[in-house]
Amino acid sequence: MAYYELYRRSTLGMTLTDALDEMVTNGELTPTIAMKVLAQFDKCMGQALKEMKTKTTFKGTLDTYRFCDNVWTFILDDVTFNTTGPGGYKDTAHVEKLKIVACDGKASFGADNAGPSSKT
């Protein structure tokens with residue numbers, strides 16, 4: 001089963017990649033083990049986000065959208081996030097620009113041919 005590699009470009013994913021690269025360079029890990037760690041990271045990120053109990057809604061102005069290779073990309077301006085969670089947790093945040101990349105989650109979790117990956 002394959003998983004999307006989208007979360008590798010997050011802050012957490014980039015930090016993990018940098019740490020693994022340093023460990024491979026120093027001879028502390030083999031490249032094969034580092035790739036297995038990244039594959040496990042891809043799997044765990046998808047599962048962790050699926051199990052979250054927090055709800056976030058957002059509203060903004062759509063600037064650009066694109067659909068290519070079964071992947072949607074949206075760019076929004078002036079975006080406000082409203083988050084609610086367990087125990088009455090509430091928070092609001094605002095960003096000037098937001099990029100959303102949306103892939104078919106069913107393809108990544110259930111099919112052998114998971115579709116596109118971000119091997120750049």
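A residue is called exposed when its relative accessible area is over 50% and buried when that area is under 20%. In this predicted model, the face of helix α2 turned away from its buried side carries the exposed residues T32, K36 and K50. The points below follow helix α2, then the pairing of strands β2 and β3, and finally the salt bridges, of which there are three.

**Helix α2**

- Helix α2 runs over residues 31-50, and its 20 residues reach 29 Å from the first C-alpha to the last, which is close to the 28 Å expected at 1.5 Å a residue.
- The buried residues of α2 are A34, L38, F41, D42, M45 and G46, and because they cover an arc of only 120° around the axis, they lie on the same side of the helix.
- In general, an α-helix has 3.6 residues a turn, so residues three or four places apart point the same way.

**Strands β2 and β3**

- Strand β2 (residues 71-85) pairs with strand β3 (residues 89-103) in the antiparallel sense, and 14 bridges connect the two.
- Within this pairing, T73 stands opposite V101 of β3.
- The hairpin of β2 and β3 has three residues between the strands, and in this hairpin G87 takes a positive phi near 75°.

**The salt bridge between R8 and D42**

- R8 forms a salt bridge with D42, with the closest N and O atoms 2.6 Å apart.
- Since R8 lies in the segment before α1 (11-25) whereas D42 belongs to helix α2, the pair ties together parts that are 34 residues apart in sequence.
- Both partners, R8 and D42, are buried, and D42 is also one of the buried residues listed for α2.

**The network of D63, D77 and K97**

- The side chains of D63 and K97 meet in a salt bridge at 4.0 Å, N to O; because D63 lies in strand β1 (residues 55-68) and K97 in strand β3, this pair ties together parts that are 34 residues apart in sequence.
- K97 also meets the side chain of D77 in a salt bridge, here at 2.7 Å, N to O; as D77 lies in strand β2 and K97 in strand β3, the parts tied together are 20 residues apart in sequence.
- Salt bridges that share partners thus join D63, D77 and K97 into one network.
- With a relative accessible area of 53%, K97 is exposed, whereas D63 counts as partly exposed at 46% relative accessibility and D77 is partly exposed with a relative accessible area of 23%.

Terms used. Residues are numbered from 1 along each chain as its sequence is written. This is a predicted model: local features need pLDDT of at least 70, side-chain atom pairs count only at pLDDT 80 or more; totals for chains, interfaces and linings use all residues. Side-chain values use heavy atoms; hydrogens and water are left out. Two strands pair if DSSP finds at least two bridges between them. Helices (H or I, at least four residues) and strands (E, at least two) are DSSP runs, numbered from the N terminus. The expected span of a helix is 1.5 Å times one less than its number of residues. Buried means under 20% relative accessible area, exposed over 50%, partly exposed in between (1.4 Å probe, protein chains only). The arc is that of the directions from the helix axis to the C-beta atoms.
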